[in-house]
Amino acid sequence: MIAVQLIDSTGRVLGNLRLPADVRLADLERLALTAGSPSLEDHIEQQLAVEVRALALEVGVLA
């Protein structure tokens, strides 16, 4: 059994799920997409862009 906590973009806990141990990451991503979340690739890309921008501002590359 795998326990999953559902959290919205503001950090508010929406609920908990208990899933079978044989659930694959692709299954979880499909569930998230159905619920309206961005794909895992898009989410990672967005997070990386935020971090790169912060670092660029920190070193003065962006004004």
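Which side chains meet in a salt bridge at 2.8 Å, N to O? They are those of R30 and D27, and I would like to start there, keeping in mind throughout that what we are looking at is a predicted model.

R30 and D27 both belong to helix α1, where they sit 3 residues apart, about one turn of the helix. D27 also forms a salt bridge with R24, and in that pair the closest N and O atoms are 3.0 Å apart. The count for the model comes to 2 salt bridges, and through shared partners R24, D27 and R30 are joined into one network. As for exposure, R30 has a relative accessibility of 49%, so it counts as partly exposed, since exposed would need over 50%. D27 has a relative accessible area of 24% and is likewise partly exposed, because buried would require a value under 20%.

Let me turn to the strands. Strand β1, residues 2–7, and strand β2, residues 13–19, run antiparallel and are joined by 6 bridges. To give one pairing that you can find in the viewer, Q5 has N16 in β2 as its bridge partner. The hairpin that these two strands make has 5 residues between the strands, and in this hairpin G11 takes a positive phi near 95°.

Next, the largest pocket, for which the computed volume is about 680 Å³. Its lining is made up of 19 residues, and those that lie nearest the centre are L6, I7, A32, S37 and P38. Two or more lining residues come from each of β1, β2, α1, which spans 25–34, and α2. Which element gives the most to this lining? That is α1, with 5 residues, the helix that also holds D27 and R30.

Finally, helix α2 and what follows it. Helix α2 covers residues 40–59, and V52 lies within it. V52 has a relative accessible area of 48%, which means that it is partly exposed, given that the exposed class begins over 50%. The C-alpha atoms of V52 and R18 are separated by 35 Å, the two residues being 34 apart along the chain. On the surface, L57, V59, V61 and L62 form a nonpolar patch, and together they have about 370 Å² of accessible area. L62 is placed in the segment after α2, and its relative accessibility of 35% puts L62 in the partly exposed class.

How values were computed
Residues numbered from 1 in each chain as written. Predicted model: local features only at pLDDT ≥ 70, side-chain atom pairs only at ≥ 80, totals over all residues. Heavy atoms only, no water. Pairing = 2+ DSSP bridges. Helix = DSSP H or I, 4+ residues; strand = E, 2+ residues; numbered from the N terminus. Buried < 20%, exposed > 50% of the residue type's maximum accessible area, 1.4 Å probe, protein only. Patch = residues over 30% accessible without salt bridge, like charges linked within 9 Å, V, L, I, M, F, W, Y side chains within 5 Å. Areas by Shrake-Rupley, 256 points an atom, 1.4 Å probe, with all protein chains shown as cover. Salt bridge = Lys/Arg side-chain N within 4 Å of Asp/Glu carboxyl O. 1 Å grid on protein atoms, 1.4 Å probe; cavity = no way out; pocket = protein on both sides within 12 Å on 5 of 7 lines; lining within 4 Å. Points joined across faces, edges and corners; volume = space filled by probe spheres on them.
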